[in-house]
Amino acid sequence: MTARSQSPAARPPGFVYRETKRGLLRRDGPSVLYCEDVDMLDLAEQHGTPLYVYSAAMIRERYDAFDAAFREVPHTICYSVKANSNLTILRMLARKGCGFDVVSGGELERVLAADRKAAKKVVFSGVGKTREELTAALKAGIMLFNVESESELWALAECAGRLRKTAPVALRVNPDVAAETHPYISTGLRKHKFGVPIRDARALYAKASGARYLKVRGVSVHIGSQITDVAPFGEAMARVADLVRELRGDGHRIDYIDAGGGLGIAYEKASAFSADVEAYARSLSAPLRGLDVRLLLEPGRSIIGPAGVLVTSVLYRKQNDGKRFLVVDAAMNDLIRPALYGAYHEIIPVKQSPVQQSAGATAKSEVTDIVGPVCETGDFFARDRELPVVGEGDLLAILDAGAYGMVLASNYNTRPRAAEVLVSGGTAKVIRRREKVSDLLRAES
Ligand SMILES: *Cc1c(COP(=O)(O)O)cnc(C)c1O
């Protein structure tokens, strides 16, 4: 990883610097990062750090942009709960008419807790659904089961038969399409554990349609996550469209094509989301022309990623043999993406001094690693990063942390999980309180 300088354009629009009246009342006084109309220094003071902060306006805007991009095809957005499953965020999306993609019984319970009526817009994905989970989803009356193997098909038929309730089924097919992303989050190749090979699909659909309590309704596909080139989505969709024509020829009713999620976000540069999602929509929609299906979409990261940041304070500055480190109070247990995938996150100071604001200023910057307190060398947020000089006690914002941040948080090193705050205009609401060590000890004997 190379050093990168701060580019103001890279900042998500929900998080902007504003001049503050703090300290000297001068026009060139320090400026502070705001989330919407809320000063993030105040937020950190009130709620402590590490702290996840989300912008409600940004979540809504991104959902609306996504929805608008697909205006020309009948569609339902089923937000991927695993990207960020906070109840308040789910409720907010449900109010906008959003459906949900769940990958466990626990996520289904969250959706139902957020909005009882959302069940009819839920799709259930995942390679290892248990009979208990299948039964719970049948009872809730979800829209679609994305079945990933023949064994699962029979398990679902058995659970449905026991309840005498018909299960709406799509098979998740593996289109064998390569997409440029991290190998851990690529899913659309033959060698991956997901879905059934597209060649075997027709035979499986024939079996499914023979089962009394299964009802074939669609075809599903998901080729991976953090994919920024839209071409592979179109390629996968073209293969699925061919399959749909074959299946209809075989006499199956296909109402839905579930295109999965996976649209990437720009972690390293500024990007206009509406343009990206329009390109994505064109790539997905083109192969579907004339098919008369409802398109289901399962975006996670692209809705919530840039709408959240992780705020952390600098505990210590240190140097080992000339190498600089900023030790911060957030760690890999709070945000594991850098440790797990070597992921890049833009990091910016919450308070900016005037020299840092002027274009091209480098005098007050340094190259440093930003690391957490956990006892692992992998516990870093950035390596050899060029950053404005900050002192002990100063705050940093780790950007684009809204997706796969808090949901992947753990209690490693017996670290209580961070609090989450949702900002809307000038108000901030705690949507998950900070954990206490006593919360962690409670489940143990
Ligand atoms: C993870 C996942 C998604 C969401 O992926 P994003 O990259 O966050 O958009 C959607 N569908 C399925 C089946 C998934 O596993």
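User: In this predicted model, where is the place of Pro 50?
Analyst: Pro 50 sits in the loop between helix H1 (40-47) and strand E4 (51-55).

User: What kind of peptide bond joins Thr 49 and Pro 50?
Analyst: That bond is cis, with omega about -5°. Most peptide bonds are trans.

User: Why is Cys 98 not counted as bonded to Cys 78?
Analyst: A disulfide needs two cysteine sulfur atoms within 2.5 Å. The closest cysteine sulfur to that of Cys 98 belongs to Cys 78, and it is 7.0 Å away, so the pair is too far apart for a bond. The structure as a whole holds zero disulfides.

User: Why is Cys 98 called buried?
Analyst: Buried means under 20% relative accessible area. Cys 98 has 3% relative accessibility, so it counts as buried.

User: What makes Cys 159 buried?
Analyst: The relative accessible area of Cys 159 is 1%, and the limit for buried is under 20%.

User: Why is Asp 321 called exposed?
Analyst: Exposed means over 50%. Asp 321 has a relative accessible area of 86%, so it is exposed. Asp 321 belongs to the loop between strand E14 (308-320) and strand E15 (323-328). Its phi is near 50°, a positive value in a residue other than glycine.

User: Why does Asn 413 count as partly exposed?
Analyst: Partly exposed lies between the limits of 20% and 50%. Asn 413 is at 33% relative accessibility, so it counts as partly exposed.

User: What is the phi of Asn 413, and where does the residue lie?
Analyst: Asn 413 is not a glycine, yet its phi is positive, about 65°. Most residues other than glycine have a negative phi. Asn 413 is in the loop between strand E20 (395-398) and strand E21 (419-424).

Terms used
Residues numbered from 1 in each chain as written. Predicted model: local features only at pLDDT ≥ 70, side-chain atom pairs only at ≥ 80, totals over all residues. Heavy atoms only, no water. Buried < 20%, exposed > 50% of the residue type's maximum accessible area, 1.4 Å probe, protein only. Helix = DSSP H or I, 4+ residues; strand = E, 2+ residues; numbered from the N terminus.
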